[in-house]
Amino acid sequence: MYKITPLLAVLVAGACGVRAEETGAPAFSYEQYASVLEKYVDNQGMVNYAALKQNRAELDDFIRTIGALSADVFEGWDDQAKIAFWCNAYNAITLERIIDHYPIKKGSWLDLNAWRFPENSIRQISGVWDTLTTPVLGKAITLDAIEHEILRVEFDEPRIHMALVCAAISCPPLRSEPYVGERLDDQLEDQSERFLRGSNGSRIDRDDNAVYLSAIFKWFGEDFERKYTPTTGFQGFNATERAVLNFAGRYLSDADREYLASGRYSVRYLDYDWSLNEKK
């Protein structure tokens with residue numbers, strides 16, 4: 001496990017981790033992960049995987065740290081800190097998966113994904129989400145388990161879908177800082193706005209009376225229903241679509257928000273670009 005001095009722990013934990021006074025335990029630090037993101041992720045969320053592979057010690061050390069973190073300590077954290085931890089774990093492990101296989105090569109000709117997806121896609125890595133495991137809190141876990149068995153089940157926070165980055169162009173942008181509990185709401189709001197105002201998140205075509213949304217909302221739209229189902233507007237759409245459209249409108253202009261509420265358009269989903277989110 002990565003060790004820090006008591007003074008550094010206080011300084012780092014306040015900015016990049018969980019404060020000791022919040023948990024009754026020594027501070028857990030995101031310092032190394034923050035350093036990785038600052039060095040290798042640009043302001044568009046693109047990653048310099050080639051450089052990261054050559055200088056991977058900080059990332060590897062951080063992932064060892066989340067593996068060695070005591071589950072008892074983790075259970076003492078509040079929900080915001082826990083969500084931040086799991087989002088960071090998912091994104092850090094994804095970075096590790098990519099550099100473990102970088103440069104990515106086309107999969108076996110027997111694998112359908114090898115032909116369906118770009119040659120440099122994470123989807124060329126066999127079992128990347130459901131088979132390959134990494135120790136977290138002392139237990140081997142898959143990326144799918146983090147997303148679908150923990151974050152989506154244990155927490156009512158659909159904005160995680162704006163935070164989890166599966167190393168593809170059409171994903172939300174990878175932040176160049178870790179998520180932290182005390183700022184999580186602001187970070188997720190910023191992520192949602194960045195994504196939905198960008199071309200991969202949403203697009204309105206008034207000439208064609210169409211609203212295009214990321215396929216993320218097709219895959220996980222039901223997660224938004226409890227918190228974002230509107231009481232008025234968005235007529236003609238099902239419950240999931242109404243919730244997603246209402247959610248998206250929160251981050252768009254007043255004119256776009258009014259257009260979405262009018263319901264006078266069709267909803268379509270953007271093609272998902274699975275090419276690697278690589279900084280060239």
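1. In this predicted model, Glu-278 and Lys-280 form a salt bridge, with 3.5 Å between the closest N and O atoms. The two partners differ in exposure. Glu-278 has a relative accessible area of 11% and is buried, because buried means under 20%. Lys-280, at 83% relative accessibility, counts as exposed, since the cut-off for that class is over 50%.

2. The structure holds 20 salt bridges. One of them joins Asp-223 to Arg-152, and here the closest N and O atoms are 2.7 Å apart. This pair links distant parts of the chain: Asp-223 sits in the loop between helix 11 (216-220) and helix 12 (225-228), while Arg-152 belongs to helix 9 (residues 143-154), and the two are 71 residues apart. Asp-223 is partly exposed at 21% relative accessibility. Arg-152 is also partly exposed, with a relative accessible area of 30%.

3. A further salt bridge is formed by the side chains of Arg-175 and Asp-190, at 2.8 Å from N to O. Arg-175 is in the loop between helix 9 and helix 10 (184-196), and Asp-190 is in helix 10, so the pair ties together parts that lie 15 residues apart in sequence. With a relative accessible area of 10%, Arg-175 is buried. Asp-190 has a relative accessible area of 30% and is partly exposed.

4. There is also a network of salt bridges. Its members are Glu-157, Arg-159, Asp-185, Glu-189, Lys-227 and Arg-250. Asp-185 and Glu-189 fall in the range of helix 10 (184-196), and Lys-227 falls in that of helix 12 (225-228).

5. Next, the sheet. Three strands make an open sheet in the order 5-6-7, and the pairing is mixed. Strand 5 (202-205) and strand 7 (266-269) are at the edges; each has a single partner strand, so one side of each is left without a neighbour in the sheet. From one strand to the next, the twist averages 20 degrees.

6. Strand 6 (residues 210-213) pairs with strand 7 in the parallel sense, over four bridges. Leu-213 has Tyr-269 of strand 7 as its bridge partner. Helix 13 (residues 239-249) lies across both strand 6 and strand 7, and runs at about 85 degrees to strand 6.

7. On the nonpolar interior: the largest nonpolar core has 86 residues, and Phe-85 and Trp-86 have the most contacts inside it. Helix 7 (residues 79-100) supplies the largest share of this core, 13 residues. Neighbours within four places in sequence aside, Trp-86 is in contact with Phe-74, Val-136, Leu-137, Ile-141, Ile-146, Ile-150, Leu-151 and Phe-155. Among these, Ile-146, Ile-150 and Leu-151 fall within the range of helix 9 (residues 143-154), which also holds Arg-152 of the salt bridge in point 2.

8. Last, a polar residue. Gln-124 is placed in the loop between helix 8 (113-116) and strand 3 (134-136). Despite that loop position, Gln-124 is buried, with a relative accessible area of 6%. Residues up to four places away in sequence not counted, Gln-124 touches Ile-104, Lys-105, Lys-106, Gly-107, Asn-113, Ala-114, Phe-117, Pro-118 and Glu-119. Of these contacts, Asn-113 and Ala-114 fall in the range of helix 8 (113-116).

Definitions and conventions:
Residues numbered from 1 in each chain as written. Predicted model: local features only at pLDDT ≥ 70, side-chain atom pairs only at ≥ 80, totals over all residues. Heavy atoms only, no water. Pairing = 2+ DSSP bridges. Axes fitted to C-alpha atoms, helices over the stretch in contact; angles between N-to-C directions. Contact = heavy atoms within 4.5 Å. Salt bridge = Lys/Arg side-chain N within 4 Å of Asp/Glu carboxyl O. Buried < 20%, exposed > 50% of the residue type's maximum accessible area, 1.4 Å probe, protein only. Core = buried A, V, L, I, M, F, W, Y, C linked by side-chain atoms within 4.5 Å.
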